[in-house]
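Today I sat down to look at some helices and how they pack. Here are my notes, in the order I made them.

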Amino acid sequence: MQTYLLSQQFNTRSLAENSTACPANATICNGTSCVLTEDNFNETLSIILSTVLTIMLALVMFSMGCNVDIKKFWGHIKQPWGIFVGFLCQFGIMPLTAFLLALLFDVLPIQAVVVLIMGCCPGGTASNVIAYWVDGDMDLSISMTTCSTLFAMGMMPLCLFVYTKPWTDSNAIVLPYDSIGISLVALVVPVSFGIYVNHRWPSKAKIILKIGSIAGAILIVLIAVVGGILYKGSWIISPKLWIIGTIFPAAGYLLGFLLARIAGLSWHRCRTVSLETGMQNSQLCSTIVQLSFSPEQLELMFTFPLLYSIFQLLFALLILGGYRVYRRHRVKTKTDVEKTEEKEDSKSTSSHAKMNGGFVSNETK
């Protein structure tokens with residue numbers, strides 16, 4: 001965050017009073033709010049971690065591609081019903097939900113805009129990792145993430161034009177098309193290599209997938225931790241944004257699942273669409289707000305993308321935990337039923353043998 005010089009109008013007494021209310025290493029902006037001084041360590045750390053995270057993300061997406069069957073993937077492209085349902089969720093449900101939440105909580109105009117920007121962003125790549133862990137349709141997950149990032153080139157300006165009118169002029173929002181393009185390339189290229197490896201060397205692809213899925217889980221947690229470290233001076237924001245940041249991703253998961261189910265998709269595809277809907281590209285949202293607004297405005301809104309990313313991760317982990325418990329219980333129940341059926345079959349067979357003088361037909365064996 002930018003550091004600003006203390007205005008000449010404040011005297012020594014007000015400086016002392018404000019200093020007691022702020023951290024020792026803070027700079028006073030307007031006499032009431034404080035920001036941490038610019039830290040070269042943070043800047044260097046940000047560059048290093050951005051490079052490391054980008055490389056890790058490419059490797060994770062490469063491993064996710066190793067779980068994609070090119071025939072099934074192409075089937076989703078040729079018969080895009082699942083992709084269309086995901087499109088409705090991504091650019092229909094999410095922007096509308098953001099709009100309604102901003103109206104319901106009556107937030108400041110600048111805060112309403114950042115909520116809407118988050119709602120209009122395409123799906124994030126973390127959804128592909130979680131979709132793998134909940135036995136989702138990886139072919140649909142990858143195709144949805146790719147298509148939503150591609151469609152965002154046109155749908156983000158349209159949605160922002162429609163929904164931001166009550167608060168601001170949509171022309172004031174700068175959309176980083178280069179960043180969207182880079183995200184698309186960073187997604188498509190490693191996934192394409194992964195699909196090729198799965199096609200040529202399926203056994204090796206399975207090993208890469210297992211390693212990549214674990215690395216992906218580590219990467220998701222690492223991004224959340226890094227965000228908390230780099231932006232630790234921006235956590236004092238409106239309680240309303242905290243509430244919206246909690247409700248919004250949960251609503252995305254729930255509404256995405258319901259719409260997919262209403263559309264007649266199978267259960268594993270419903271889970272996939274749910275994750276693709278609730279998990280947004282928060283990094284893209286952060287880039288947009290930094291390019292579009294002044295430092296004074298950023299103080300009121302900059303932390304929201306990070307809040308959303310943390311809560312979307314927490315809810316995704318709850319979904320994963322709930323699914324794993326359900327799966328374990330279902331498998332256990334199924335096994336118990338099979339054992340009971342086997343016992344009943346063996347009893348009926350033995351009684352049948354006694355009745356027939358010990359003879360057992362080939363059909364009952």
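**Entry 1: a kink.** I began with α7 and found a kink of about 55° in this helix, centred on A152. I kept in mind that I am looking at a predicted model.

I then looked up how far α7 reaches from end to end. This helix covers residues 138-163, which is 26 residues. A straight helix would reach 38 Å at 1.5 Å a residue, but the end C-alpha atoms of α7 are only 32 Å apart.

Next I went to the start of α7. There I found a side-chain oxygen of D137 within 3.1 Å of the backbone nitrogen of D139.

**Entry 2: a neighbour of α7.** Which angle do α3 and α7 make where they pack? I noted about 50°, with the axes 9 Å apart. Helix α3 runs over residues 70-78. That angle makes α3 oblique to α7, and their crossing is right-handed. On the α3 side, I listed K72, F73, H76 and I77 as making the contact. Their partners in α7 are D139, L140, I142 and S143. I had already met D139 at the start of α7, where its backbone nitrogen is reached by D137.

**Entry 3: α5 and α12.** I moved on to α5 (residues 109-120) and α12 (residues 282-292). Their axes lie 9 Å apart, and the packing angle is about 140°. The two helices are therefore oblique to each other. I wrote down a right-handed crossing here. From α5, V114, I117 and M118 meet S282, C285, I288 and V289 of α12.

**Entry 4: α10 and α11.** How do the axes of α10 and α11 cross? They do so at roughly 145° and come within 7 Å. Helix α10 spans residues 239-262, and α11 spans residues 267-278. The crossing is right-handed. Many residues make this contact, so I copied out a few. Among them are P249, G252, Y253 and G256 of α10, and W267, C270, R271 and V273 of α11.

Note on methods
Residues are numbered from 1 along each chain as its sequence is written. This is a predicted model: local features need pLDDT of at least 70, side-chain atom pairs count only at pLDDT 80 or more; totals for chains, interfaces and linings use all residues. Side-chain values use heavy atoms; hydrogens and water are left out. Helices (H or I, at least four residues) and strands (E, at least two) are DSSP runs, numbered from the N terminus. The expected span of a helix is 1.5 Å times one less than its number of residues. The bend at a residue is the angle between axes fitted to the seven residues ending there and the seven starting there. A polar contact is a pair of N or O atoms within 3.5 Å; within protein, one must be able to donate a hydrogen and the other to accept it, and residues adjacent in sequence count only if both atoms are side-chain atoms. Axes are lines fitted to C-alpha atoms, for helices over the stretch in contact, and angles run from 0 to 180 degrees between N-to-C directions. Angles under 35 degrees count as roughly parallel, over 145 as roughly antiparallel, 65 to 115 as roughly perpendicular and the rest as oblique. A crossing is left-handed if the near helix is turned anticlockwise from the far one by less than a right angle, and right-handed if clockwise. Contact means heavy atoms within 4.5 Å.
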